[in-house]
Each structure stands twice: as structure tokens, then as C-alpha cells.
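Trainee: I would like to go through this structure with you step by step, beginning with how its strands are arranged. Could you start with the term I need before we look at particular residues?

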Amino acid sequence: ILVLDGAMGTMVQSYNLEENDFRGEKFKNHFKDLKGNNDLLSITRPDIIKAIHKQYLDAGADIIETNTFSGTSIAQADYKLETEVYELNFQSAKIAKEVVTECSTSEKPRFVAGAIGPTNRTASISPDVENPAFRHITFDQLKDAYTEQINGLLDGGVDLLLVETVFDTLNCKAALVAIEDVFEVKGIRIPIMVSGTITDESGRTLSGQTAEAFLNSISHIPLLSVGFNCALGTKAMRPYIRELAKKAPFYVSAYPNAGLPNEMGEYDESPAAMGAQLEDFMESNLVNIVGGCCGTTPEHIKEFTRIANKYAPRKIPQLKKALRLSGLEAVTISPESNFANIGERTNVMGSIKFKRLIKEDNFEEALSVALSQVDGGAQAIDVNMDDGMLDGKESMVHFLNLIASDPDISRVPIMVDSSKWEIIEEGLKCVQGKGIVNSISLKEGEDVFINHAKIILRYGAAVVVMAFDEKGQAVDYK
């Protein structure tokens, strides 16, 4: 069982830093207050960040995270420091790598995880209650921001990438697309860890997904590990870690907060108390990686390391092959399943009523068509906007964003249906779950087919393949 480090913010607070510490020489004339921008300390007070890393390594951590939780242009925009993002990530990775190199031995190698936080924007939820289709951020904006961060982390020498505290799986998918794109450009591949966060005891992420739905949404990537961190304390996290342990084809990580914050915003759970609860995870063979989030310190990590040395890591289960989809909830289709129903009434070519409503811009009533399909037992809904009188791309994005804001509809997977590739791709950028593309074929030749299949995989969707090639529809089978 590997041990991840503890909280960076908790440790930074113990230094009682002032505005000048965050400004340093480089930013002494910056026009906005910078106190609280902890990521910036990798540039202005690298000595402190290095000392914190060293304390966690001395406590026994196998993996330390870079000081880059808010290291995107989106998060740094609050301080008007978007131009410093690459340097911030590069220096953070470099500092962590230096300490790890000093502390590694052949018996106990240490590793640097490039920390990729969720940003302070969400791609699946509207910030405007009056306009549920509105988004503060687009998938492409997220992807571009993550790409810049990832380049800085990789150039600084990280050993693996950690997409963490995922509260919206669509944000996470944008990060994963960015990672895969950067890997392809650089001709490299390093391990990827993903850690979500369950925000309350209903057992769902902030954007509404269950643990299994979250797992299905990201399982298209060959991850090193999947897990949960932050939010709930250790005990409350257990059922969701147990579900991942049973169903994940990857290693499983858990790094909870030191309990829930008290009225002063501080975390009270002691190393011994937290360690006892994490020991239950280890003894029950639920985890491969443990660590701490908010409120944890080197003392916590020292206790976790002591306990982890007593137990064997969880073994990855042998899972039966099946089609594992998700909306807000998971849908598994296997040879043992009954017939799977797909609602076709949200297809302008399958419903005269739906087509009329979309043409009239009556999306609210069009949503009722989708809801009736789900209430009628559809296990997925097919959305198609292919009509000469419609802007198919705009209609697809608007309708899928509306669906995402309605939990009664978005609990089922989405089938993005179009004969136009650009509409399919825009649709996939709106779907946080694991949906289906309907469809691709060999009409345009093998090269186009393979390229489209790769892109669909990168977005994390299943695909229907039609038996067409350049000569037309297949008429026999050999």
C-alpha cells in the first residue's frame, strides 16, 4: 500500500505568511492582493514549499503532490496571474522533484504527482437558475487551461499526473482529454490517477453522479488508480471506496479530510483516530493508496505509513466484460441483461412533435418529451438534431445542457446521434457520463473511421458502428 502526502494548505497556514511572502520580488508591484494564492509560493517562497515536501517524505510518504491545486489560468484569473501558469507549474514540479531525488533510495523510491485541481468553474451546472442551459465555462476552455498546466508539470519532471477533487466529471473528462492530447504530442505516457469527491451523504458528486457512474465515465483511460478524496471524513467515505474496490479495474486510492471542519474552519481528527478508520480500509482490502486531504499533517502521514506497512494492498478484481454506461447513475448491459430500450422520441427524425418544438425554440416542452421517455423505461435517450432548418450544433449543445440540469432525465446515459461529425463532437463535450455515439461507419474510408473512433474513445463514449463502407450498405456477411 503506497502512502500519499497530506494537506499543503494546512501546512502553509502554519507559517503565518503575510502579503509580502506571496509577492516576493517578482510580484511586488502587482495590482491585486496575492495573499492566499498558495500555488504562487513555489515562485516566491520555494524554501517553504520544499520544507513542507520534505516533512511529508520524512514522515514516510511514497508520493508527494506538487503545489499546483489552483494552477490553471481559470483559477489564477482571480489574482490576474494567468500569464504565470506555465512557470508556476514548472517550478512546483521542479521543487518537488528535487526533494524526491534527495529522499529516494533503492529500497524506497519516491514519486512526484502533478496535482491538477478541478478549477472554480463547473461545466455541467448552470450558475444561473433562470437559465439552466447557460455555462460559465466550456469544455474547450477547460481543456486549453489544463493543457497549459500539464505541459508545465511534465516539463518540470513529474512522475505521474493526479486529477483530483473531481466534483464535476465533465471537468475531469476535459482534463483527461488534455492529458491524452499532450501525451500524443510529446510522445510520452506516464501514470494517471483520478480522485473524485463525494460532497454529501447522498453519495453523489456535486454534479450528481453516483460512485459507479463516476467510475464508468472515466474508465476509458488506462488509469493507475481511481478513488475519492476531500469532503467527507474517513468513516463516511467508506461505502463509496468499497464500491470502487469491487468494481474498478484499477488500483483504488483514498485520502480523506481529517474529519469535517469545526465552526472555526479547522479540522479536529487526530492522527490516531483517522489512522484507526483508515486501518479498516486496509484490513478490508479496499485500497492500494492512502493519504490525507484537508487538515492532515506529517503526523497523520507518519501514522498512516506505520499502519500501511502491516497490510497487503487490494488485488484488482477480474471483471466480466460488459457495456458499462452512465448518466448520473450507472447502466450495465451484459449478455444476461434484458432487452435495452433507447428512447428515440428526442430525435427530430423520429418524432414530429419533438421536431416542431425544437423548430419553435420551445426547448422547455421538448424536455418533457425526454422525461416521458425516461419515465417510460428508456435506459438511454437518443438525441438527434439533423434537420436542414436547424443549426444542429447549437441545438444539440443547448438541449444537452438543459438535460444536464434536469436530474430526472440526466440519470440515464445520452446517445449523441448525428450524421455530421462536428455535431457529434460538440455533443460529446456536453456529456459528463459515459454515453453512446450513433454512429460511425466506413463511408468516408478507413482513415477517417479510425480517427473518429480514437476521438470517441478519448471523450469516453461507446459507439454504434454502421455496416456501411465507400460502396454502400452491407448486403451479405462473410
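Mentor: Two strands count as paired if DSSP finds at least two bridges between them. Please keep in mind throughout that this is a predicted model.

Trainee: Which residue in β12 does Ile-342 stand opposite?

Mentor: Begin with strand β11, an edge strand covering 342-343, which is joined by 2 bridges to strand β12, residues 380-384, the two running parallel. Within this pairing, the residue of β12 that stands opposite Ile-342 is Ala-380.

Trainee: In what order do the 5 strands of the open sheet lie?

Mentor: The edges help here, for β11 and β15 (462-465) each pair on one side only. Further in, 4 bridges join β12 to β13 in parallel, and Val-383 stands opposite Val-416 in β13. With parallel pairing, the order of the open sheet is β11-β12-β13-β14-β15.

Trainee: How many of the residues of β12 are buried?

Mentor: Here a residue is called buried when its relative accessible area is under 20%. On one side of β12 the buried residues are Ala-380, Asp-382 and Asn-384, and on the other they are Ile-381 and Val-383, which leaves both faces covered. The number of buried residues in β12 is therefore, by that under 20% cut-off, 5 of 5.

Trainee: What angle does the direction of helix α15 make with that of β12?

Mentor: Helix α15, residues 392-404, packs on the sheet, where it touches both β12 and β13 (414-417). The angle between the direction of α15 and that of β12 is about 155°.

Trainee: Against which elements do the buried residues of α11 pack?

Mentor: Helix α11 spans residues 271-283 and reaches 17 Å from its first C-alpha to its last, close to the 18 Å expected. Its buried residues are Met-274, Gly-275, Leu-278, Glu-279, Phe-281 and Met-282. In an α-helix there are 3.6 residues a turn, so residues three or four places apart point the same way. The elements against which the buried residues of α11 pack are α10 (234-247), β7 (251-255), β8 (289-290) and α12 (298-308).

Trainee: What is the radius of gyration of the protein chain?

Mentor: The protein chain has 18 helices and 17 strands. For its 478 residues the globule rule gives 23 Å, and the computed value is close to this, so the chain is as compact as a globular protein of that length. The radius of gyration of the protein chain is 23 Å.

How values were computed: Residues are numbered from 1 along each chain as its sequence is written. This is a predicted model: local features need pLDDT of at least 70, side-chain atom pairs count only at pLDDT 80 or more; totals for chains, interfaces and linings use all residues. Side-chain values use heavy atoms; hydrogens and water are left out. Contact means heavy atoms within 4.5 Å. Axes are lines fitted to C-alpha atoms, for helices over the stretch in contact, and angles run from 0 to 180 degrees between N-to-C directions. The expected span of a helix is 1.5 Å times one less than its number of residues. Buried means under 20% relative accessible area, exposed over 50%, partly exposed in between (1.4 Å probe, protein chains only). The radius of gyration is taken over C-alpha atoms; the globule rule is 2.2 Å times the number of residues to the power 0.38.
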